[in-house]
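Here are some short exercises on ligand surroundings and empty space in a protein. Have your viewer ready, try each task, and then go through the solution.

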Amino acid sequence: MTREKAIIETGWNLDNSYARLPKSFFTSLNPIPVRSPKLIILNYPLATSLGLDFQALKSIDGVAVFAGNRIPEGASPLAQAYAGHQFGHFALLGDGRALLLGEQITPKGERVDIQLKGSGPTPYSRRGDGRAALGPMLREYIISEAMHALGIPTTRSLAVVTTGESVIRETKLPGAILTRVAASHLRVGTFQYVSEWGAVEDLRVLADYTLQRHYPDVADAPNRYLLLLQEVIKRQAELIAKWQLVGFIHGVMNTDNMTLSGETIDYGPCAFMDTYYPATVFSSIDVQGRYAYGNQPNIAAWNLARFAETLLPLVHDNQEEAIKLAQDAISDFTDLYHRNWLAGMRAKLGIFNEEIEDESLIEGLLKMMQKYRADYTNTFRALTFDRLEDSVLSGTPEFGQWREQWQARLGRQQESKISSYQLMRNANPALIPRNHQVEAALEAAVKQEDYSVMEQLLDVLSNPYAHSPEQADYCTLPELSSQPYRTFCGT
Ligand code: AMP
Ligand code: MG
């Protein structure tokens, strides 16, 4: 293939509407080229859905784009400015190691951000080097793609390349760049930035832009800014419920890591919970448990209150009235979240209709799981396949009684038991990206350049509701260790 042909045939169809927003919202700059890019992994189904040609992307020129060594036509790279509450403390942030290349217009006419993460320093880098290491970028790839396959809104991972350069963390590590695909990178923190340092007119431009991109149905409504708040609250209530239902712990729910599209973003110290325990925290720096599993809904509400504050000048001319409207919207979150969670839990137990007592049935199960340190995913899987001998709960005094109640509950609905078990199969994943398995895949990849372990893991994670025989091998729990699993920020 000739050079020109490869470029044309790649399929990049980029625009950058963000670059047309007020100049204070970003800094235009190019990625810093790297020494010798090498493609480690490329996401075939995602590339295809974006209208990109897999073979052309794998060519030297195709890979050069993922490395930041070549800017495709239509791109106008920029680092976005944003602020955020980090563990409750307000700070000016911005893309310190990422660049938005532009927005790919897909064959379906959708507009998605294409972002390079690890592409070199920007004016927002503070003391950081602007770079990323291979392990954490592959970790984001694995977990974000697993989340997508679980049916949870998330940013996606298109490719990871190594740079041929080292990054220094505690030791020297291979440098890498992740190409991230997102509905957008608009965050609560983007609004906090403009609210703090911009004019009300800037805020209006940002809110209208967000409405156009994510909530076009209400973008022209007279009370559209209140609707924006309500719609974001609705999507976040759905998202957080989905996290809770699979045992996902984000780990760093700072306001800059909460999107307005309702996608999960920023896979740093996140991890999935094995044994059910609401106080579970993996992040080494989260000593207070601010972002513990059981606290995620509260934190989401707190973050959304920060979002609401930024919108006050747009919601109503009268400040008191604006505060009242915003407070009403925020107080709806808890109820919305709870309804989503309850609906999801009912499906996990094969329940189609609603009874008041369902909640105590669910709580009863969770309490037992907590008491006997049952594995969250495997318990629901065991219930789904009536393989309770696999569960630590089976020999306990409470379980027999709970099971009778549950079976009686299933008997009080029109649907057959077969339909219930089908519902459960579709609601309870066969597997999640378990920490010890993700670590094993990363170790083989980074230390031995053996990507086969990761590829097999990605393969079984790509269809978590298949319940195929190969997936059974991935349900094994980590060996008991005196050291709890730990994750890290600043990777
Ligand atoms: P995060 O914890 O990933 O949400 O990042 C918080 C802030 O630190 C963001 O502004 C990031 O862009 C920035 N940041 C993280 N790592 C680096 C790095 N290696 N170099 C420069 N900035 C970074
Ligand atoms: Mg972040």
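The exercises below begin with the ligand and then turn to the pocket and the cavities of this predicted model.

**Exercise 1. Find out which residues surround ligand 1, and sort them by class.**

Solution. Start with the shell: 17 residues surround ligand 1. The closest of these are G94, G96, R126, G130 and D266. Next, sort the shell by class, which gives two nonpolar, seven polar and eight charged residues. Finally, ask where the shell comes from. Domain 1 (3–185) and domain 2 (189–346) both contribute residues, so ligand 1 lies between them.

**Exercise 2. List polar contacts of ligand 1 with G130, D256 and D266, then state how much of the ligand the protein buries.**

Solution. Take the backbone first: a polar backbone atom of G130 sits 2.8 Å from a nitrogen atom of ligand 1. Now move to side chains. D266 places a polar side-chain atom 3.0 Å from an oxygen atom of the ligand, and for D256 the distance from a polar side-chain atom to a ligand oxygen is 3.5 Å. As a last step, turn to area: ligand 1 taken alone exposes 490 Å², and the protein buries 83% of that.

**Exercise 3. Describe the largest pocket by volume, lining and helices.**

Solution. Begin with volume, which is about 1,000 Å³. The lining has 36 residues, and D274, T275, D375, L477 and P478 are the closest to the pocket's centre. By class, this lining splits into 16 nonpolar, twelve polar and eight charged residues. Then look at the helices: α12 (376–384), α15 (435–448) and α17 (469–472) each supply at least two lining residues. Of the elements, α12 gives the most, with four residues.

**Exercise 4. How many cavities of 30 Å³ or more are there, and what lines them?**

Solution. The count is two. The largest cavity holds about 70 Å³ of space. Among its 14 lining residues, Q236, W243, H250, N257 and M258 are the closest to the centre. Helix α8 (residues 224–246) gives the most to this lining, with four residues. Its classes are six nonpolar, seven polar and one charged.

Now take the second largest cavity, with a volume of about 40 Å³. Its lining consists of L245, V246, K348, Y376, T377, F380, N428, P429 and I432. Both α8 and α12 supply at least two of these residues, and the largest share, three residues, comes from α12. Six of the lining residues are nonpolar, two polar and one charged.

Definitions and conventions
Residues numbered from 1 in each chain as written. Chains lettered and ligands numbered in written order. Predicted model: local features only at pLDDT ≥ 70, side-chain atom pairs only at ≥ 80, totals over all residues. Heavy atoms only, no water. Near = heavy atom within 4 Å. Polar contact = N/O pair within 3.5 Å; in protein donor to acceptor, adjacent residues only side chain to side chain. Areas by Shrake-Rupley, 256 points an atom, 1.4 Å probe, with all protein chains shown as cover. Nonpolar A, V, L, I, M, F, W, Y, C, P; charged D, E, K, R; others polar. Domains from an automatic or database assignment. 1 Å grid on protein atoms, 1.4 Å probe; cavity = no way out; pocket = protein on both sides within 12 Å on 5 of 7 lines; lining within 4 Å. Points joined across faces, edges and corners; volume = space filled by probe spheres on them.
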